[in-house]
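Reader: Could you walk me through how to read a model like this one, feature by feature?

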Amino acid sequence: MTDLSARIDALEMRLTEQDVVIDDLNATITAQWHQIDALTRQMAKLVEEVEQASHRPASGAPEPPPPHY
């Protein structure tokens with residue numbers, strides 16, 4: 001009977017340790033997901049800014065004449 005009790009105690013300890021590891025992994029994954037989400041939004045904003053900048057004339061270049069010339 002003590003052998004069975006010892007085995008059950010060992011299993012309960014392993015289960016408790018696994019629960020802690022799972023909680024830690026979940027917290028890590030959640031933090032990484034938030035960081036990935038923030039970086040994805042930042043990347044999209046930067047892509048939009050680059051696209052807008054590519055459509056603007058260069059700062060030193062002369063502007064094209066108006067259409068009525």
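Author: Let's go from overall form to salt bridges and then the surface. Keep in mind that this is a predicted model.

Reader: How many helices and strands are there in the protein chain?

Author: The count is 1 helix and 0 strands. The radius of gyration is 30 Å, well over the 11 Å that the globule rule gives for 69 residues, so the chain is more spread out than a compact globule. Along the principal axes, its C-alpha atoms fill a box of roughly 100 × 20 × 10 Å.

Reader: What share of the residues counts as buried?

Author: Buried means under 20% relative accessible area, and 0% of the 69 residues qualify. The accessible surface of the chain comes to about 6800 Å², with 62% of that belonging to carbon and sulfur atoms.

Reader: Now salt bridges. Which side chains meet in one?

Author: The general idea is that side chains of opposite charge can pair when their charged atoms come close. Here, a search of the whole structure turns up 1 salt bridge. R41 and D37 make that contact through their side chains, at 3.2 Å from N to O. Because R41 and D37 sit 4 residues apart in helix α1, about one helical turn separates them. R41 is exposed at 53% relative accessible area, while D37 is partly exposed at 33%.

Reader: And which residues form a nonpolar patch on the surface?

Author: That would be M1, L4 and I8, which together have about 360 Å² of accessible area. L4 lies in helix α1, residues 2-55, and counts as partly exposed at 47% relative accessibility.

Key
Residues are numbered from 1 along each chain as its sequence is written. This is a predicted model: local features need pLDDT of at least 70, side-chain atom pairs count only at pLDDT 80 or more; totals for chains, interfaces and linings use all residues. Side-chain values use heavy atoms; hydrogens and water are left out. Patches are made of residues with over 30% relative accessible area and no salt bridge: like charges are joined within 9 Å, nonpolar side chains (Val, Leu, Ile, Met, Phe, Trp, Tyr) within 5 Å. Accessible areas come from the Shrake-Rupley method with a 1.4 Å probe; for residues, only the protein chains shown count as cover. A salt bridge is a side-chain nitrogen of Lys or Arg within 4 Å of a carboxyl oxygen of Asp or Glu. Helices (H or I, at least four residues) and strands (E, at least two) are DSSP runs, numbered from the N terminus. Buried means under 20% relative accessible area, exposed over 50%, partly exposed in between (1.4 Å probe, protein chains only). The radius of gyration is taken over C-alpha atoms; the globule rule is 2.2 Å times the number of residues to the power 0.38.
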